[in-house]
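Here is a quick walk through a protein model, one neighbourhood at a time. Keep the structure open and follow along.

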Amino acid sequence: MNRLESTLFFALAFLGMVTMLATSLSATPAAADYDLVLSNGRVMDPESGLDAIRYVGIRDGKIAAISQERISGRQEIDASGRVVAPGFIDLHAHGQRAFEAGLQALDGVTTQLELEIGVYPVTAWYEARRGSAPINFGASVGHLPIRQMILSGLTEEDMTNQDIRDRIFTQRNWVDNAASANQLAAMEQRVQQGLDEGGLGVGYGINYTAGATREEIYRMFRVARRNGVINFVHARFMNQNELGGSVDAVQEVIADAAITGAALHIVHIGSSGGGRVPLLLQMIDEARENGVDVTTEVYPYTAYSTFLGSAIFDGDFTRAQGIQYSDIELPETGERLTRERFEQLRGETPERMVIGHAMREENVAMAIAHPGVMIGSDGEKLANGKGHPRGAGTYARVLGRYVREQRVLTLMEALAKISYLPARRLEASVPAMRAKGRIRVGADADIVVFDPDTVLDRATFAEPTIPSAGIDHVLVNGIAVVRDGQLQTGVNPGLGIRR
Ligand SMILES: [Zn+2]
């Protein structure tokens with residue numbers, strides 16, 4: 001070894017020591033270990049049952065540590081006196097523009113999924129949201145938009161044009177007409193295409209497509225089965241008639257699930273079931289016990305919302321639903337309708353949204369408390385800030401009114417219904433959901449920090465955009481989109497969830 005070589009040798013040895021020292025330093029807990037730490041909160045995880053004070057360390061958008069000892073990170077949020085829970089997963093979110101997504105974030109939601117009606121075309125829908133979503137998003141491929149497209153003779157490109165979509169929305173050809181043999185085959189092919197593009201399942205609004213025959217729905221279920229995905233169904237009828245009522249409607253899709261072997265999720269059993277909720281919950285449980293893969297969900301309100309032209313208002317609907325015309329409300333003014341006023345408005349403005357105060361509280365509370373029933377908001381696109389308050393208040397309402405005030409279920413049961421169970425429901429067909437709905441090392445850092453003593457919905461039918469109270473911090477993929485109860489504008493860490 002000459003002088004130059006020995007200098008090099010010692011220089012390299014020194015570098016090696018520095019490297020080793022740096023490695024050993026970073027292995028001990030240091031400020032640089034975590035991007036963010038939630039300190040001293042009451043961590044509640046519905047999967048493991050953990051309910052204890054912990055420090056949660058977050059790194060690279062994932063939960064990296066759950067510790068009894070104090071840990072520190074580059075940022076820290078004091079969660080003392082607060083619950084730290086998995087972010088809420090909404091299986092039923094129609095309103096996914098930034099405005100509605102922000103309201104949902106303020107209600108603790110970290111993932112909003114449009115599964116009931118679904119979308120078409122699927123790729124364009126995901127592309128339109130990429131990089132501009134505060135919370136995670138996703139959608140099923142929609143039987144209803146596919147039916148609109150095929151029966152209206154539109155192209156896939158037409159379906160990405162909002163003016164064209166708005167124009168056909170209140171037409172009745174795609175609602176009432178039966179599909180030809182060729183159109184049925186085209187629908188099957190489009191559903192398959194939407195699933196190939198990453199759609200999370202197949203969505204249906206059978207109640208809004210009265211012309212869809214039993215055969216048509218059965219054939220779409222077969223496509224879902226072939227692909228191993230769930231059918232998300234708004235069932236055919238929403239009333240108490242013996243023929244053509246809620247029981248018929250639920251039996252139709254349970255039969256399709258049993259025949260085809262496809263998985264089934266029946267949306268908003270509270271509104272679809274009305275007075276038959278107890279019987280329908282029993283049928284759903286019993287079908288599951290007998291091997292049918294069927295689940296359901298409910299939103300925590302006694303009123304539904306839909307547009308005036310909808311097939312829901314065809315025929316003698318007040319008698320069938322057991323309501324009066326005065327149970328129908330205009331959200332803009334609070335006006336309750338008469339028969340004459342209803343018919344006038346339905347003729348003039350079929351696209352107009354109305355509220356139907358149609359359900360009984362005891363049935364809604366029963367569904368919320370029922371084991372295995374999940375919560376989905378059914379929050380919609382608000383028109384000039386008016387509409388149903390469920391898009392803003394569903395989750396805080398469950399935690400504040402049904403857990404704290406009425407005690408119809410425990411806090412841990414409620415957290416399962418709004419985070420873990422929705423993730424579990426989807427994960428067999430949507431593997432990305434395995435990392436959601438849990439406070440577990442390795443899970444996505446979609447987390448809500450809330451005050452169990454003050455959490456409450458504040459949105460009302462008169463003012464549906466008042467954010468919920470008591471939701472302090474909401475993290476999406478490790479990034480705070482709500483901080484100290486304030487929505488962080490321009491922060492868009494939401495990712496698209498696709499199969
Ligand atoms: Zn619906």
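## Helix α4 and what follows

Let's start with a glycine: just after helix α4, Gly 153 takes a positive phi of about 65°. Bear in mind as we go that this is a predicted model.

How many residues of α4 are buried? The helix covers residues 143–151, and nine of its nine residues are buried, so α4 counts as mostly covered. The buried set includes residues you might not expect to see side by side on such a list: His 143, Arg 147 and Gln 148 are among them, along with Leu 144, Ile 146 and Met 149.

## Two hairpins in a row

Now go back towards the start of the chain. Strand β1 (residues 34–44) and strand β2 (residues 51–59) run antiparallel and are joined by seven bridges. To find your place in this pairing, look for Val 43, which stands opposite Ala 52 in β2. The two strands form a hairpin with six residues between them, and in its turn Gly 49 has a positive phi of about 85°.

β2 also pairs with strand β3 (residues 62–67), again antiparallel, through five bridges. Here Ile 58 sits opposite Ile 63 in β3. This hairpin has two residues between its strands, and Asp 60 takes a positive phi near 50°.

## A covered strand with two partners

Next stop is strand β12 (residues 294–298), where five of five residues are buried. Which way do they point? Val 294, Thr 296 and Val 298 point one way, while Thr 295 and Glu 297 point the other, and all are buried. That fits a general pattern: in a regular strand the side chains alternate between the two faces of the sheet.

β12 has parallel pairings with two strands you can pick out. Strand β11 (residues 263–266) is joined to β12 by three bridges, and the two run parallel. In that pairing, Leu 264 stands opposite Val 294. Strand β16 (residues 374–375) pairs with β12 over two bridges, also in the parallel sense. There, Val 298 has Ile 375 as its bridge partner.

## An open three-stranded sheet

A further sheet is open and made of three strands, in the order β13-β15-β14, with antiparallel pairing. Which strands stand at the edges? They are β13 (303–307) and β14 (328–329); each has a single partner strand, so one side of each is left without a neighbour in the sheet.

Five bridges hold the antiparallel pairing of β13 with strand β15 (residues 353–357). One match to look for is Thr 306, whose bridge partner in β15 is Val 354.

## Aromatic rings

The model has 15 aromatic pairs. Take Phe 313 and Phe 317: why is this pair edge-to-face? The ring centres are 5.0 Å apart and the planes stand at 70°, so the pair falls into that class, because planes over 60 degrees apart count as edge-to-face.

Both rings belong to residues that are tucked away: Phe 313 is buried, with a relative accessible area of 2%, and Phe 317 counts as buried at 4%. They are also part of one aromatic cluster, which is formed by Tyr 304, Phe 313, Phe 317, Tyr 325 and Phe 342.

## Two helices side by side

Helix α11 (residues 277–289) and helix α14 (residues 361–369) have axes that come within 10 Å and cross at roughly 20°. The two are therefore roughly parallel to each other, because angles under 35 degrees count that way.

On the α11 side, the contact is made by Val 277, Pro 278 and Leu 281; α14 contributes Asn 363, Met 366 and Ala 367. Sorted by class, that gives five nonpolar residues, one polar residue and no charged ones.

## A buried glutamate

Finish at Glu 427, which lies in helix α16 (residues 411–427). Is Glu 427 buried or exposed? Its relative accessible area is 15%, so Glu 427 is buried, because anything under 20% counts as buried.

What does Glu 427 touch? Leaving out residues up to four places away in sequence, Glu 427 touches Met 433, Arg 434 and Arg 438. Further along the chain is Arg 499, 72 residues from Glu 427 in sequence and 9.8 Å away in space, C-alpha to C-alpha.

Terms used: Residues are numbered from 1 along each chain as its sequence is written. This is a predicted model: local features need pLDDT of at least 70, side-chain atom pairs count only at pLDDT 80 or more; totals for chains, interfaces and linings use all residues. Side-chain values use heavy atoms; hydrogens and water are left out. Axes are lines fitted to C-alpha atoms, for helices over the stretch in contact, and angles run from 0 to 180 degrees between N-to-C directions. Helices (H or I, at least four residues) and strands (E, at least two) are DSSP runs, numbered from the N terminus. Angles under 35 degrees count as roughly parallel, over 145 as roughly antiparallel, 65 to 115 as roughly perpendicular and the rest as oblique. Contact means heavy atoms within 4.5 Å. Ala, Val, Leu, Ile, Met, Phe, Trp, Tyr, Cys and Pro count as nonpolar, Asp, Glu, Lys and Arg as charged, and the others, Gly among them, as polar. Two strands pair if DSSP finds at least two bridges between them. Rings of Phe, Tyr and Trp (its six-membered ring) pair if their centres lie within 6.5 Å; planes under 30 degrees apart count as stacked, over 60 as edge-to-face and the rest as tilted. Buried means under 20% relative accessible area, exposed over 50%, partly exposed in between (1.4 Å probe, protein chains only).
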